[in-house]
Every structure is written in structure tokens, then in C-alpha cells.
Amino acid sequence: MLGSLTTSAQQYFSVVVSASLKYLILAFLTYYVSVVLYGIRWKLVLRGVGRDAPLHELVKAILASIFMNNVTPMSRSGGELLRMAWVSKKANIPTGVSAVSIVYERILETIPIFALFLVGMMYFSSGEPIPFVILGIAGVVLIWIKWGAFVRLSLRVFRTPVTDEEMRKITALRSMHSLNMAAVLLSSTVWLLDVVRLKLIALAFGLNLAWSFIAVISIANLLFGLVAFTPGGVGIIEGGLVGTLTYFGIPMALAVSITLLERFVSYVASSLVGLAVLLTSGGVEIWKALKSQ
């Protein structure tokens with residue numbers, strides 16, 4: 001195992017040193033700006049359910065949860081349990097309330113993901129983008145009209161069980177129009193930054209990919225993460241991304257380099273940062289208390 005880890009570290013290092021430093025720094029910047037935006041969105045949703053917490057504690061909880069998601073075989077569940085325990089300990093917010101806020105964040109993410117899917121579909125179409133714009137507007141209107149069904153579908157897609165009381169609170173958030181608009185705008189910006197990060201990583205190797213193609217890769221990345229059963233999706237996401245890139249004609253060497261650099265930013269470095277936050281901010285005690293419950 002030690003030999004395998006050493007080989008993997010050598011592969012990541014060789015890819016990182018061969019990439020453009022300017023684009024690598026920008027890729028890191030987009031990743032951590034996204035984390036701050038996640039924190040702002042969480043703060044807004046918490047206010048929507050009558051609670052509040054310092055932004056820096058929310059950002060630290062998110063960073064630590066990324067580490068937990070990357071090392072536990074529970075998809076996002078381990079990290080989200082830590083987030084709930086974190087705000088319970090640091091801001092005295094009941095876990096039921098924080099659970100509602102986290103579930104609602106996931107639901108709001110579905111809207112920009114749908115928009116990203118439509119942009120990705122444009123890659124396969126040589127015609128005008130107007131039909132996709134009309135389809136996008138119709139999708140948003142349908143979501144608003146069938147809000148209850150949309151919430152239940154989102155919870156099923158993200159494999160998130162809720163109690164009847166949590167469901168009632170989530171449904172009630174629909175009436176807070178300014179909150180929803182701000183949260184959807186933040187979610188859309190986060191997903192836009194995700195696409196920009198992939199663009200920057202490809203540029204780090206001198207490859208200028210079309211935005212619509214990167215949208216396809218971003219959607220594929222999300223799907224591989226949802227079906228992955230290994231900690232952090234290790235092995236599944238890497239294999240899936242390399243396979244997707246080569247399927248669309250990217251040379252194998254470049255596909256491997258892009259995948260390794262993307263995972264270096266979103267998995268290796270984020271795990272190290274999350275671990276540092278966990279160790280220096282009392283996260284270990286929170287996690288131990290959570291496991292003892």
C-alpha cells in the first residue's frame with residue numbers, strides 16, 4: 001500500500017510541476033472562492049429558518065466537511081453530519097434546523113445543475129441555442145409550479161431522508177422570494193466557478209476547450225461523484241473523467257494530466273486544507289462527540 005501511495009504522489013507531483021503555475025493558482029482561487037460562497041449561502045438559508053452563525057465558522061465547517069467526505073465511504077453524508085454537529089457546537093443551532101438548511105441548499109443546487117445540463121446539451125447540437133433557452137425557462141416555471149414534487153425528487157436524487165417536520169420547514173422556505181433568488185444566484189456562481197476551474201486546468205496544459213464541452217465534463221464529474229461508493233470517489237471519478245475525455249477525442253496523456261490536476265485541486269489539496277482546519281479548530285472533538293451519539 002505504501003508503494004502505491006508513493007507512486008500516486010509521484011504521479012500528482014510530476015503533473016503539477018508540468019502545469020502552468022498561473023493557471024494552477026487561478027484554479028485554486030476559484031475553488032476557495034466557491035467555498036466562501038457556499039458559506040454565504042448557508043448563512044442566508046439559516047437566517048431563513050430563524051438562526052444565524054458567524055461566516056468564518058460556516059466556512060471552517062465546510063472545509064472540514066470536505067476532508068470528511070474525502071476520507072469516509074459515505075458519499076457526502078459524513079461531511080454533512082460534521083457540518084450539523086459543528087454549527088450545533090459553535091453557534092448553538094439545533095441539528096434538526098441545520099439539517100433543514102443543508103437539505104435546502106442541495107435542492108437549490110438542482111436549478112443551476114439543470115442549467116449546466118442544458119449548456120452541455122448545446123455541445124451536441126449544431127443549431128441555435130434558442131430552443132435550450134426556452135427549455136430552461138420552461139423548466140424553471142415547472143419547478144416553481146410543482147415545488148413539492150421537485151423537492152421530493154431532489155431529496156431522492158441526493159439520497160437525503162427527512163422527517164415530516166423538516167419537510168414542512170423546507171416547503172415553507174419557498175415563500176421567501178429574496179432568499180431563494182440570492183441562494184440560487186450563489187449556487188449558480190459556484191457551479192460557474194466549477195466550470196471555470198476545469199477550463200483553467202485544461203489551459204494549464206495549453207488546451208483551450210469549448211465552454212459547452214467543459215459543461216459536459218462538469219456534469220459527468222458530478223454524476224461520477226454521485227454514484228461513487230469509495231471515499232472521495234477515489235478511482236471511480238478518475239477513471240470516469242479519463243474515459244469521458246478520451247471518448248470525446250482528448251489524447252490519453254492530456255486526459256490523464258487534466259484529471260490528475262483537477263483531483264489534485266479538488267481532492268488532495270482540499271483534503272489537506274480540511275484536515276488542517278479540523279485539527280486546529282476543535283473539529284476532532286466535534287467528530288468524536290458525533291460518533292459517540
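Here, a residue counts as buried when its relative accessible area is under 20%. That cut-off matters for what follows, since this is a predicted model in which several charged side chains sit under it. Take Arg197: at 5% relative accessibility, this arginine counts as buried. The partner of Arg197 is Glu262, and the closest N and O atoms of this salt bridge are 2.8 Å apart. Glu262 lies in helix α12 (residues 252-280) and Arg197 in helix α9 (residues 177-203), so the pair ties together parts that are 65 residues apart in sequence. Glu262 is buried as well, because its relative accessibility is 2%.

**The overall fold**

Zooming out, the chain is built from 13 helices and 0 strands. Of its 293 residues, 49% are buried. Among contacts with a separation of 6 or more, 71% are between residues 24 or more positions apart. The accessible surface comes to about 14,300 Å², and carbon and sulfur atoms hold 70% of that.

**Salt bridges around Arg41**

How many salt bridges does a search of the whole structure find? The count is 9. As background, side chains of opposite charge can pair when their charged atoms come close. Arg41 has a salt bridge to Glu105 at 3.3 Å, N to O. Glu105 belongs to helix α5 (residues 95-122) and Arg41 to helix α2 (residues 21-48), so this pair joins parts 64 residues apart in sequence. Both ends are tucked away: Glu105 counts as buried at 3% relative accessibility, and Arg41 counts as buried at 4%.

Arg41 also meets Glu109 in a salt bridge, at 3.2 Å, N to O. This one again links distant parts of the chain, with Arg41 in helix α2 and Glu109 in helix α5, 68 residues apart. Glu109 is buried, just as Arg41 is. Add Arg83, and you get a network of salt bridges made of Arg41, Arg83, Glu105 and Glu109.

Here are the three pairs side by side:

| Pair | N to O distance | Separation in sequence |
|---|---|---|
| Glu105 and Arg41 | 3.3 Å | 64 residues |
| Arg41 and Glu109 | 3.2 Å | 68 residues |
| Glu262 and Arg197 | 2.8 Å | 65 residues |

**A patch on helix α2**

Helix α2 isn't just about charge. Leu29 lies in this helix, and together with Leu26 and Val33 it makes a nonpolar surface patch of about 230 Å².

**Helix α11 and the annotated spans**

Helix α11 (residues 236-247) has 12 residues and reaches 16 Å from its first C-alpha to its last, close to the 16 Å expected at 1.5 Å a residue. Which residues of α11 are buried? They are Ile237, Glu238, Gly240, Leu241, Val242, Thr244 and Leu245. Just after α11, Gly249 has a positive phi of about 95°.

An unreviewed UniProt entry lists "transmembrane region" for several stretches, including residues 20-40, 107-124, 241-261 and 267-287. Two of those are worth a look in the model. Over residues 241-261 the chain is 81% helix and 0% strand, with end C-alpha atoms 12 Å apart. Residues 267-287 are 90% helix and 0% strand, and the end C-alpha atoms of that span lie 20 Å apart.

Key
Residues are numbered from 1 along each chain as its sequence is written. This is a predicted model: local features need pLDDT of at least 70, side-chain atom pairs count only at pLDDT 80 or more; totals for chains, interfaces and linings use all residues. Side-chain values use heavy atoms; hydrogens and water are left out. A salt bridge is a side-chain nitrogen of Lys or Arg within 4 Å of a carboxyl oxygen of Asp or Glu. Helices (H or I, at least four residues) and strands (E, at least two) are DSSP runs, numbered from the N terminus. Buried means under 20% relative accessible area, exposed over 50%, partly exposed in between (1.4 Å probe, protein chains only). Contact means heavy atoms within 4.5 Å. Accessible areas come from the Shrake-Rupley method with a 1.4 Å probe; for residues, only the protein chains shown count as cover. UniProt positions are given in the numbering used here, feature names are shortened, and annotations may be inferred rather than shown by experiment. Patches are made of residues with over 30% relative accessible area and no salt bridge: like charges are joined within 9 Å, nonpolar side chains (Val, Leu, Ile, Met, Phe, Trp, Tyr) within 5 Å. The expected span of a helix is 1.5 Å times one less than its number of residues.
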